[in-house]
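Colleague: I should like to learn how to read the features of a model such as this one. May we go through them in turn?

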Amino acid sequence: YAFTVVDKVREIAAARKCSVAQVSLAWLLTKQVVSSVVIGVTKVAQLQDNLAAANITLTAEDMAALDNLTKPKELYPYGLHLDMPDGIIRRAIGADS
């Protein structure tokens, strides 16, 4: 799960010609539920790189991809019905879309 997210962040960073940290911070800064982002650095270059995240604008497609990959799973038993035969059939025919 986590490596899928990291791979996507790396892909976005390569496309934007910026660092993985910048993409990660830029994404977090758009979240209304995140009131602050705490960063830890040991070098001035790391601080500058992290602060540059404020200048990164992610596309709606980037945001949707990251949101989809990090969407919390349904807690038991609330998503249990989706794994039952009826839930599988409903998804297969697109009835839950």
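Modeller: Let us begin with the surface. This is a predicted model. The protein chain exposes about 7,400 Å², and carbon and sulfur atoms supply 60% of that area.

Colleague: How many helices and strands does the protein chain have?

Modeller: There are 5 helices and 0 strands. Read from the N terminus, the order of elements is α-α-α-α-α.

Colleague: What share of the contacts with a separation of 6 or more links residues 24 or more positions apart?

Modeller: Such pairs account for 60% of those contacts in the protein chain.

Colleague: Which residues form the largest nonpolar core?

Modeller: A nonpolar core joins buried residues through side-chain atoms within 4.5 Å. Here the largest one has 11 residues, namely Val5, Val9, Ile12, Ala13, Cys18, Val23, Ala26, Trp27, Leu58, Met63 and Leu66. At least two of them come from each of α1 (2–16), α2 (20–29) and α4 (60–69), and the largest share, 4 residues, belongs to α1. Beyond its neighbours within four places in sequence, Met63 is in contact with Trp27, Thr30, Lys31 and Leu58.

Colleague: Is asparagine 50 buried or exposed?

Modeller: Buried means under 20% relative accessible area. Asparagine 50 counts as buried because its relative accessibility is 13%. Across the protein chain, buried residues make up 22% of the 97 residues.

Colleague: Where is asparagine 50 found, and which residues is it in contact with, leaving aside neighbours within four places in sequence?

Modeller: Asparagine 50 lies in helix α3 (residues 44–51). Its contacts outside that sequence window are Ala21, Leu25, Ile39 and Val41. Asparagine 50 is also 24 residues from alanine 26 in sequence, with 9.2 Å between their C-alpha atoms.

Terms used
Residues are numbered from 1 along each chain as its sequence is written. This is a predicted model: local features need pLDDT of at least 70, side-chain atom pairs count only at pLDDT 80 or more; totals for chains, interfaces and linings use all residues. Side-chain values use heavy atoms; hydrogens and water are left out. Helices (H or I, at least four residues) and strands (E, at least two) are DSSP runs, numbered from the N terminus. Buried means under 20% relative accessible area, exposed over 50%, partly exposed in between (1.4 Å probe, protein chains only). Contact means heavy atoms within 4.5 Å. Accessible areas come from the Shrake-Rupley method with a 1.4 Å probe; for residues, only the protein chains shown count as cover.
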